[in-house]
2 protein chains.
Amino acid sequence: MDPRETQWLTVEQQRIWRAYIMGSQLLQDRLDRDLRVEHGISLTEYEILVRLSEIPERRMRMALLADSVCHSRSRVTHTVARMESAGWLRREEAADDGRGVDAVMTAAGGTLLEQAAHTHVEGVRRNLVDLVGDDDFEALGRVMNTVSDRLLAGRTPAADIR
Amino acid sequence: MDPRETQWLTVEQQRIWRAYIMGSQLLQDRLDRDLRVEHGISLTEYEILVRLSEIPERRMRMALLADSVCHSRSRVTHTVARMESAGWLRREEAADDGRGVDAVMTAAGGTLLEQAAHTHVEGVRRNLVDLVGDDDFEALGRVMNTVSDRLLAGRTPAADIR
DNA sequence: GGCGAATCGTTGAACGTTCAACTGTCGGCG
DNA sequence: CGCCGACAGTTGAACGTTCAACGATTCGCC
């Protein structure tokens with residue numbers, strides 16, 4: 001794409017984009033801070049516990065965990081290491097694959113999640129869900145789903161469709 | 001608020017919230033990466049240049065800069081320090097207030113911004129604006145404006161309305 | 001069955017952000 | 001004027017993330 005022909009955003013589009021940037025920044029910060037202050041856990045760590053809790057065995061392979069929270073494997077390794085020394089989960093070798101490692105939620109992790117979930121959901125409601133109309137909220141879902149699909153496509157397979 | 005009475009999200013609300021978390025994560029990462037790869041500048045730094053460029057004098061007080069990009073003052077201090085040693089801006093004492101410091105965009109910063117803006121706007125279009133209908137995009141604007149307003153209220157003044 | 005490529009996860013250093021403490025300047029009130 | 005509290009910005013260390021390189025295991029193919 002020739003940079004000389006870039007189609008700029010209209011004033012209105014720019015206004016919306018700014019609102020998005022600012023709102024998502026503020027929302028993320030607020031949710032993270034609330035969890036830290038009230039439960040000593042970051043939003044990142046919280047999301048990992050959520051993923052584990054959704055599986056009956058409360059166990060997941062590192063790579064899958066990384067994909068499901070959209071973080072690099074390295075990042076998940078570090079995060080899980082911290083969470084392990086906090087006692088919220090432990091690592092176990094995967095049964096079937098000698099390379100693999102499972103993260104397994106502990107009872108302490110379960111208890112923490114149960115408490116933190118209240119804070120988190122109340123924050124999401126108070127600062128987003130309960131503030132907007134159903135139609136707008138559904139539109140948000142459509143938009144963000146489209147964005148995800150666009151950015152997830154061209155990941156592992158052939159990549160850059162541009 | 002009694003944690004025992006938390007009203008959980010419906011399955012549909014949860015689905016939308018997940019899409020939001022994932023989409024905003026992916027979008028931010030992509031925009032940041034594109035700027036870094038093509039111009040050696042982070043999204044954070046880019047936004048600071050944008051703010052400066054919107055003022056005729058291309059100069060802004062540190063505190064105002066911090067507020068306008070929604071970052072802590074400390075963060076802006078560090079970011080500006082890095083940008084200063086890259087030559088994209090310089091610091092000058094504020095004329096009227098002995099405590100104040102202005103960040104002033106340099107010619108090099110202006111040139112960089114001019115180039116990086118193409119990359120950025122094309123990314124925003126390709127991964128968001130051009131993918132969704134006008135109505136949905138406007139809904140996104142309404143939603144994120146509401147969120148911003150909610151989170152900006154109760155900042156400096158009396159705070160926590162809850 | 002054995003070789004090379006791909007996958008899994010980790011490591012440690014570089015980088016960026018947060019946090020609490022701090023210096024210096026301003027504003028208001030006695 | 002002089003003091004005290006608020007404000008502007010910085011500092012350095014702690015913390016969290018990214019990046020590139022790595023060792024180990026598995027897969028695919030001949």
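Biologist: What makes the approach of Arg99(A) to a base oxygen of DNA strand C count as a polar contact?

Modeller: In this predicted model, a polar side-chain atom of Arg99(A) lies 2.8 Å from a base oxygen of DNA strand C, and the cut-off for such a pair is 3.5 Å, so the approach qualifies as a polar contact. On the other chain, a polar side-chain atom of His78(B) lies 3.1 Å from a base oxygen of DNA strand C, which is also within the 3.5 Å limit.

Biologist: Which part of DNA strand C does Arg73(A) approach, and how far away is it?

Modeller: An N or O atom in the side chain of Arg73(A) is 3.0 Å from a phosphate oxygen of DNA strand C. The elements giving two or more residues to the surface near this strand are H3 and H4 of chain A together with H4 of chain B, and H4(B) supplies the largest share, five residues.

Biologist: How do you know what share of the atoms of DNA strand C within 4 Å of the protein belongs to sugar and phosphate?

Modeller: Among the 22 residues around DNA strand C, those that come nearest are Ala63(A), Thr77(A), Ser74(B), Arg75(B) and Gly98(B). When the atoms of the strand within 4 Å of the protein are sorted, sugar and phosphate account for 74% of them.

Biologist: What makes Thr77(B), Ala63(B) and Arg61(B) partners of DNA strand D in polar contact?

Modeller: Each is set against the 3.5 Å limit. A polar side-chain atom of Thr77(B) lies 2.7 Å from a phosphate oxygen of DNA strand D, a polar backbone atom of Ala63(B) is 2.7 Å from a phosphate oxygen, and for the side chain of Arg61(B) the distance is 2.9 Å, so these distances fall within the limit. The residues of the surface near DNA strand D divide into three nonpolar, nine polar and ten charged, and H4(A) gives the most to that surface, with five residues.

Biologist: Turning to the two protein chains, why is the pairing of Arg142(A) with Asp136(B) called a salt bridge?

Modeller: The closest N and O atoms of Arg142(A) and Asp136(B) are 2.8 Å apart, and a salt bridge asks for a side-chain nitrogen of Lys or Arg within 4 Å of a carboxyl oxygen of Asp or Glu, so the pair earns the name. Between chain A and chain B the count is four salt bridges.

Biologist: How much area do chain A and chain B bury, and what share of it lies on carbon and sulfur atoms?

Modeller: About 6,500 Å² is buried between them, with 65% of it on carbon and sulfur atoms. In chain A, the residues that lose the most area to chain B are Trp17(A), Leu26(A) and Leu151(A), together 9% of what that side buries.

Biologist: Why is the relation between chain A and chain B called a two-fold axis?

Modeller: A turn of 180° with a shift of 0.0 Å along the axis lays chain A on chain B with an RMSD of 0.0 Å, and that is the relation of a two-fold axis. Leu140(A) comes closest to this rotation axis among the residues of chain A, with its C-alpha at 2.8 Å.

Biologist: How do you know whether the copies meet through the same surface or a different one?

Modeller: Of the interface residues of chain A, 97% are also interface residues in chain B, so the copies meet through the same surface.

Conventions
Residues numbered from 1 in each chain as written. Chains lettered and ligands numbered in written order. Predicted model: local features only at pLDDT ≥ 70, side-chain atom pairs only at ≥ 80, totals over all residues. Heavy atoms only, no water. Buried area = accessible area lost by both parts, 1.4 Å probe. Least-squares fit on C-alpha atoms with pLDDT ≥ 70 in both. Contact = heavy atoms within 4.5 Å. Polar contact = N/O pair within 3.5 Å; in protein donor to acceptor, adjacent residues only side chain to side chain. Helix = DSSP H or I, 4+ residues; strand = E, 2+ residues; numbered from the N terminus. Nonpolar A, V, L, I, M, F, W, Y, C, P; charged D, E, K, R; others polar. Near = heavy atom within 4 Å.
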